[in-house]
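Here is a briefing on one protein structure. Take a look at the sequence and the 3D view before reading on.

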Amino acid sequence: MVDETVHESRESRSRQALATYFRRIAAALGRGEPVPVDDAGTVTVDPPAEQAVEVELEREDDAVRFELEMEWPEAEGEIDADADASKADFELYEDTAGKWRWRLTHVNGNIIADGGEGYSDKRDAKAGIESVQRNAAGAHVVNADADEEAPDDGGSNATFELFRDAAEKHRWRLTHDNGNIIADSGQGYASKQKAEQGLESVKSNAVGAAVNESSPDDATTE
C-alpha cells in the first residue's frame with residue numbers, strides 16, 4: 001500500500017503555545033473524543049484505546065529532534081480530514097452607533113461570547129476576535145471571587161475568570177495578561193456550573209470558528 005500524508009504542518013511555536021496544543025490533545029484522549037491534528041480542528045483522528053507509542057530524541061549536527069509517534073492498524077481508528085472545525089461562528093458587525101462589535105454564536109442560536117465593547121476601527125474588532133481564537137482553548141480557569149491565580153506553567157496569554165456580578169449571577173470573562181478583557185459571557189447564569197459550561201463551549205469552538213461580517217441592517221445591538 002502506498003503511504004499517504006493526510007496532514008502535515010511545520011511552524012515555530014512558543015513553549016506556551018506547544019503546551020496549549022498538547023493540552024488539547026491530552027484532553028481529547030482522556031475523554032475518548034476525536035483528537036484535533038491541526039489548531040483549527042479541521043483534521044481529527046479517533047485512535048483506539050491502546051496504540052503503539054514511540055518517543056525518540058535525536059541529535060544531528062547542531063540540531064535536536066524530539067519526536068512522538070503513535071501507531072495503530074487503520075481499521076481500529078478513524079481519520080476525518082474534513083472535520084467540523086467549530087459549532088459556532090464569529091459575527092463581526094457595525095452597530096447603530098457606528099461601532100464595530102463581535103459575538104460568537106453557536107449553531108443552536110445562543111450567543112456564547114462577545115467582545116463586551118465597541119471599536120471605532122473594524123481592524124481592532126478583528127484583532128479582538130483573533131486574540132480570542134489564539135488564547136481561549138488553552139486558557140486556565142480561575143475563581144476571581146476567591147482571588148485564585150492562574151498557574152504559571154502551561155495555559156495561554158489569557159485567563160478565564162469566573163465571578164458573581166452585583167445581581168449574584170455567575171459570569172465569566174477572558175482577561176489577557178495585559179489586563180484587557182478580550183471576551184465575556186454577555187449574560188449572567190443562575191449557577192456556576194452553567195457559567196463553566198458556557199466558557200467550555202467557547203474553549204471548544206473559538207479556534208476554528210468562521211468569521212462572518214454582517215451589514216448594519218442584518219445585525220442587532222444588545
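The points below cover strands, surface patches and unusual backbone angles.

This is a predicted model. Strand 10 is a good place to start: six of its seven residues are buried. The surface offers a contrast, with a nonpolar patch of about 850 Å² and a patch of negative charge.

**Strand 10 and its neighbours**

- Strand 10 covers residues 158–164. Six of these seven residues are buried, so the rest of the structure largely encloses the strand. Buried here means under 20% relative accessible area.
- Strand 9 spans residues 140–143 and runs parallel to strand 10. Four bridges join the two strands.
- One residue pair to find is Val142 with Glu161. Glu161, the bridge partner of Val142, sits in strand 10.
- Strand 11 spans residues 170–176 and runs antiparallel to strand 10. Seven bridges join this pair.
- Find Ala158, then look across to strand 11: His176 stands opposite.
- Strands 10 and 11 form a hairpin, with five residues between them. Glu168 lies in the turn and has a positive phi of about 65°.

**The open sheet**

- Three strands form an open sheet. Their order is 1-2-5, and the pairing is antiparallel.
- Strand 1 (35–36) and strand 5 (78–80) stand at the edges. Each has a single partner strand, so one side of each is left without a neighbour in the sheet.
- Strand 2 covers residues 44–46 and is joined to strand 5 by three bridges. These two strands run antiparallel.
- Asp46 has a bridge partner in strand 5, namely Glu78.

**The nonpolar surface patch**

- Which residues make the nonpolar surface patch? They are Leu29, Val53, Val55, Leu57, Val64, Phe66, Leu68 and Met70.
- Two elements give two or more residues to the nonpolar patch: strand 3 (52–60) and strand 4 (63–71).
- Strand 4 gives the most, with four residues.
- Val64 is part of the patch and has its place in strand 4. Is Val64 buried or exposed? Val64 has a relative accessible area of 62%. Exposed means over 50%, so a residue with that value belongs in the exposed class.

**The negative patch**

- Asp145, Asp147, Glu149, Asp152 and Asp153 gather in a patch of negative charge on the surface.
- Where is Asp152? Its place is in the loop between strand 9 and strand 10. Asp152 is exposed, with a relative accessible area of 81%.
- Asp147 lies in the loop between strand 9 and strand 10. Asp147 is exposed too, with a relative accessible area of 66%.

**Positive phi angles**

- Most residues other than glycine have a negative phi. The residues below have positive values.
- Asp147, one of the residues in the negative patch, has a phi near 60°.
- Asp61 has a phi near 55°, a positive value in a residue other than glycine. Asp61 has its place in the loop between strand 3 and strand 4.
- Asp61 counts as exposed, at 73% relative accessibility.
- Glu168, in the turn of the hairpin, has a positive phi of about 65°.

Notes
Residues are numbered from 1 along each chain as its sequence is written. This is a predicted model: local features need pLDDT of at least 70, side-chain atom pairs count only at pLDDT 80 or more; totals for chains, interfaces and linings use all residues. Side-chain values use heavy atoms; hydrogens and water are left out. Buried means under 20% relative accessible area, exposed over 50%, partly exposed in between (1.4 Å probe, protein chains only). Two strands pair if DSSP finds at least two bridges between them. Patches are made of residues with over 30% relative accessible area and no salt bridge: like charges are joined within 9 Å, nonpolar side chains (Val, Leu, Ile, Met, Phe, Trp, Tyr) within 5 Å. Accessible areas come from the Shrake-Rupley method with a 1.4 Å probe; for residues, only the protein chains shown count as cover. A salt bridge is a side-chain nitrogen of Lys or Arg within 4 Å of a carboxyl oxygen of Asp or Glu. Lys and Arg count as positive and Asp and Glu as negative; His and the chain ends are not counted. The place of a charge is taken as NZ of Lys, CZ of Arg, CG of Asp or CD of Glu.
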